[in-house]
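User: Please take a close look at the part of this structure where the first charged pair is placed, and then set that part within the rest of the fold. Formal wording with explicit cut-offs would be appreciated.

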Amino acid sequence: MQDEQSLIKRAQEHDRQAFAQLYEAYFDRIYRYIVLKTGDRTEAEDMTQQVFLKAMEALPSYKWKNVPFSAWLYRIAHNQVVDNLRRAGHRQTSELNEEISQADPGGNPQHQAEVSLDMQQLVAASRHLTPAQREVIYLRFASDLPIAEVARIMKRSEGAVKALQHSAVQALRKLMVENR
C-alpha cells in the first residue's frame, strides 16, 4: 500500500480512490474483529460498512499522530459494536459462527470438521476470559495485529498487553485441556 500518511491526506481531500485503497486494506481485518465480537456474519458485514461510513464522515477531523490508521478504525469498530449491542439490548458475547473458519474447500472433510470443532471449543472457552483478555486475543490473533498496535487501540502499555495475552493464552490452554 502507498505511504499510509499520504493516502490518508488524499482521502481527507475527498479523493475517492485513496479512500477505496484504505477500505480495501482494512476491510477484512475490521470485519473479522466485528464478527468475532458479534458472532453474526451478516450483522458484522453491515456493521463493518457502518464503520467505514463513519470513518469517511470523520476523516476530515482525523489527525496523524504517528499512530497507525488502523488503531483509529478499530476504535470506531469497537464503539460500533458497543452501540449496536446497547441498541439490541444484548449483553456482549463472543460467539463464533463456525462458518468464520476459513476452511479449505478442497481439503479433507474430516480435518475441516475437526478444525470447526476446535474453533467452537476455543470460542466457548474464550467466554471464560475477562473482556480485556478477549479483546487482546481478538486483536492479536483474529486481526493479526502487532502488540504495539494492540496497545494503542486498547490504550494500554505494551507490557500490559503482553501480560493480558499471556494470561489469556494460559487460561485458554487450561480450559481446552479440561474440556477434552
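Analyst: Asp 15 has a relative accessibility of 24% and therefore counts as partly exposed, a class that lies between buried (under 20% relative accessible area) and exposed (over 50%), with a 1.4 Å probe and protein chains only. Its side chain meets that of Arg 10 in a salt bridge, with N to O at 2.9 Å; the term denotes a side-chain nitrogen of Lys or Arg within 4 Å of a carboxyl oxygen of Asp or Glu. Arg 10 is likewise partly exposed, at 23%.

The model is predicted, with local features requiring pLDDT of at least 70 and side-chain atom pairs counted only at pLDDT 80 or more, whereas totals for chains, interfaces and linings use all residues. Residues are numbered from 1 along each chain as its sequence is written, and side-chain values use heavy atoms, with hydrogens and water left out.

His 14 is placed in the loop between H1 and H2. Helices here are DSSP runs of H or I with at least four residues, strands are runs of E with at least two, and both are numbered from the N terminus. The backbone of His 14 has a positive phi of about 70 degrees, although the residue is not a glycine. Most residues other than glycine have a negative phi. His 14 is exposed, with a relative accessible area of 65%. A second loop offers a parallel case: Lys 155, between H7 and H8, is not a glycine and has a positive phi near 55 degrees. Lys 155 is exposed as well, at 68% relative accessibility.

The Arg 10 and Asp 15 pair is one of four salt bridges in the structure. Another joins the side chains of Glu 135 and Lys 37, with N to O at 2.6 Å. Glu 135 belongs to helix H6 and Lys 37 to helix H2, so this pair ties together parts that are 98 residues apart in sequence. Both partners count as buried: Glu 135 has 9% relative accessibility, and Lys 37 has 4%. Within helix H4, Arg 86 and Asp 83 are three residues apart, about one turn of the helix, and their closest N and O atoms are 3.4 Å apart in a salt bridge. Arg 86 is exposed, at 60%, while Asp 83 is partly exposed, at 28%.

Attention may now turn to the packing of the helices. H2 and H3 pack at an angle of about 135 degrees, with their axes 8 Å apart; axes are lines fitted to C-alpha atoms, for helices over the stretch in contact, and angles run from 0 to 180 degrees between N-to-C directions. That angle makes H2 oblique to H3, the class left once angles under 35 degrees (roughly parallel), over 145 (roughly antiparallel) and 65 to 115 (roughly perpendicular) are set aside. Their crossing is right-handed, a label for a near helix turned clockwise from the far one by less than a right angle. Among the residues that meet across this pair are Phe 27, Ile 30, Tyr 31 and Ile 34 in H2, and Thr 48, Val 51 and Phe 52 in H3.

Thr 48, in helix H3, is buried with a relative accessible area of 0%. Leaving aside neighbours within four places in sequence, Thr 48 is in contact (heavy atoms within 4.5 Å) with Phe 27, Ile 30, Tyr 31 and Ile 34.

The largest nonpolar core has 42 residues, of which Ile 30, Ile 34, Phe 69 and Leu 139 touch the most other members. H1, H2, H3, H4, H6, H7 and H8 each give two or more residues to this core, and H2 gives the most, with eleven. Such a core is a set of buried Ala, Val, Leu, Ile, Met, Phe, Trp, Tyr and Cys residues joined through side-chain atoms within 4.5 Å. With neighbours within four places in sequence excluded, Phe 69 is in contact with Glu 4, Ile 8, Leu 22, Tyr 26, Leu 59 and Tyr 62. Apart from the largest core lies another, of seven residues, including Ala 125, Leu 172, Leu 175 and Met 176.

For the whole protein, eight helices and zero strands are present. Of its 180 residues, 40% count as buried. Residues 24 or more positions apart account for 62% of the contacts with a separation of 6 or more.
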